[in-house]
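Colleague: Please take a close look at the side-chain links in this model, and explain each term as it arises. I am new to this structure and would value one connected account.

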Amino acid sequence: MRITRKAIVATLAVMLPVALTVGCGNQDTSSQSASANSQASDSQDSRNATDSGEETSLASGLSGFCDGDSNLMPAARVETTGQYLGISIDGFDNVKALDAKQFYAYTLMLKDPDGTWYQVNLTDFTESGETEREITNLSTNDSNKYPGWNLSTDDATFETSIPDTMIHQKGDNPTWMLALTVDGEELAHCPADGDADFE
């Protein structure tokens with residue numbers, strides 16, 4: 001079943017996430033070293049399982065780029081590093097200039113080759129001043145909410161990094177696409193048509 005851009009908007013309207021905030025603690029050098037070794041091992045295990053056709057967490061070291069169809073989202077990049085999905089979207093200054101009355105949201109859709117869809121919602125409720133991030137497995141409706149918001153110091157770019165451990169892949173890499181919705185109206189897409197690849 002192909003999920004259309006209109007379906008993304010409909011799903012977004014029903015599944016807007018709930019905000020959380022959390023601080024990060026410091027680790028000593030030995031903990032950081034053990035953590036780095038563990039991540040490297042997990043990444044290798046993930047690659048081996050993917051090669052054998054088993055379902056695994058999203059592999060580290062993937063990246064993708066797309067050109068959009070509007071100056072609201074002229075280009076975007078995604079990448080996986082360790083157990084995090086990094087998202088960078090150009091045109092953020094143009095989005096903020098729209099002065100949304102209720103909310104604006106970036107929705108990243110990822111499709112696993114087995115047909116499972118994952119939805120990442122990055123929402124700013126301008127009316128209340130709250131921001132929310134959430135990943136949802138659209139096959140099971142399981143979702144995880146995460147703290148944080150825009151990590152960029154550049155007004156023209158939206159950047160965030162979100163844990164990707166609930167996003168799974170089986171065999172080949174997932175494909176992805178982004179949509180921007182402002183006050184319930186879908187205004188921009190990346191890529192302009194179709195899906196983008198992780199490589």
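Modeller: A salt bridge is a side-chain nitrogen of Lys or Arg within 4 Å of a carboxyl oxygen of Asp or Glu. The model is predicted, so local features need pLDDT of at least 70 and side-chain atom pairs count only at pLDDT 80 or more, whereas totals for chains, interfaces and linings use all residues. Residues are numbered from 1 along each chain as its sequence is written, and side-chain values use heavy atoms, leaving out hydrogens and water.

A search of the whole structure finds 3 salt bridges. In one of them, lysine 96 joins aspartate 124, with 3.7 Å between the closest N and O atoms. This pair links distant parts of the chain, 28 residues apart: lysine 96 belongs to helix α3 (residues 92-97) and aspartate 124 to strand β6 (residues 117-125). Helices (H or I, at least four residues) and strands (E, at least two) are DSSP runs numbered from the N terminus. Lysine 96 is partly exposed at 44% relative accessibility, while aspartate 124 is buried at 8%; buried means under 20% relative accessible area, exposed over 50%, and partly exposed in between, with a 1.4 Å probe and protein chains only.

Another salt bridge joins the side chains of aspartate 90 and arginine 77, at 2.8 Å from N to O. Aspartate 90 lies in strand β4 (residues 84-90) and arginine 77 in strand β3 (residues 75-81), so the pair ties together parts that are 13 residues apart in sequence. Arginine 77 is partly exposed, at 29% relative accessibility. In a further salt bridge, the side chains of lysine 101 and aspartate 99 meet at 3.5 Å, N to O; lysine 101 is exposed, at 57% relative accessibility.

Strands β3 and β4 also pair with each other, in the antiparallel sense and over 6 bridges; two strands pair if DSSP finds at least two bridges between them. Within this pairing, threonine 80 stands opposite leucine 85 in β4. Both strands belong to an open sheet of 4 strands with antiparallel pairing, in the order β2-β3-β4-β9. At its edges are β2 (63-67) and β9 (157-163), each with a single partner strand, so one side of each is left without a neighbour in the sheet.

The edge strand β2 contains cysteine 66, which is linked to cysteine 190 in strand β12 (residues 185-190), 124 residues apart. The two cysteines form a disulfide, with their sulfur atoms 2.0 Å apart; the cut-off for a disulfide is a pair of cysteine sulfur atoms within 2.5 Å. By this rule the count comes to 1 disulfide. The link of cysteine 66 and cysteine 190 is right-handed, with 125 degrees about the S-S bond, and both cysteine 66 and cysteine 190 are buried.

Aromatic rings add further contacts, with a count of 6 aromatic pairs. Rings of Phe, Tyr and Trp (its six-membered ring) pair if their centres lie within 6.5 Å, and planes under 30 degrees apart count as stacked, over 60 as edge-to-face and the rest as tilted. The rings of phenylalanine 103 and phenylalanine 125 have centres 6.2 Å apart and planes at 45 degrees, so the pair is tilted. Phenylalanine 103 lies in the loop between α3 and β5 (104-111) and phenylalanine 125 in strand β6, so this pair ties together parts that are 22 residues apart in sequence. Phenylalanine 103 is buried at 12%, and phenylalanine 125 is buried at 16%. The rings of tryptophan 149 and phenylalanine 158 have centres 5.0 Å apart and planes at 65 degrees, so that pair is edge-to-face. Tryptophan 149 and phenylalanine 158 are both buried, and they form one aromatic cluster with Phe92, Tyr104 and Tyr106.
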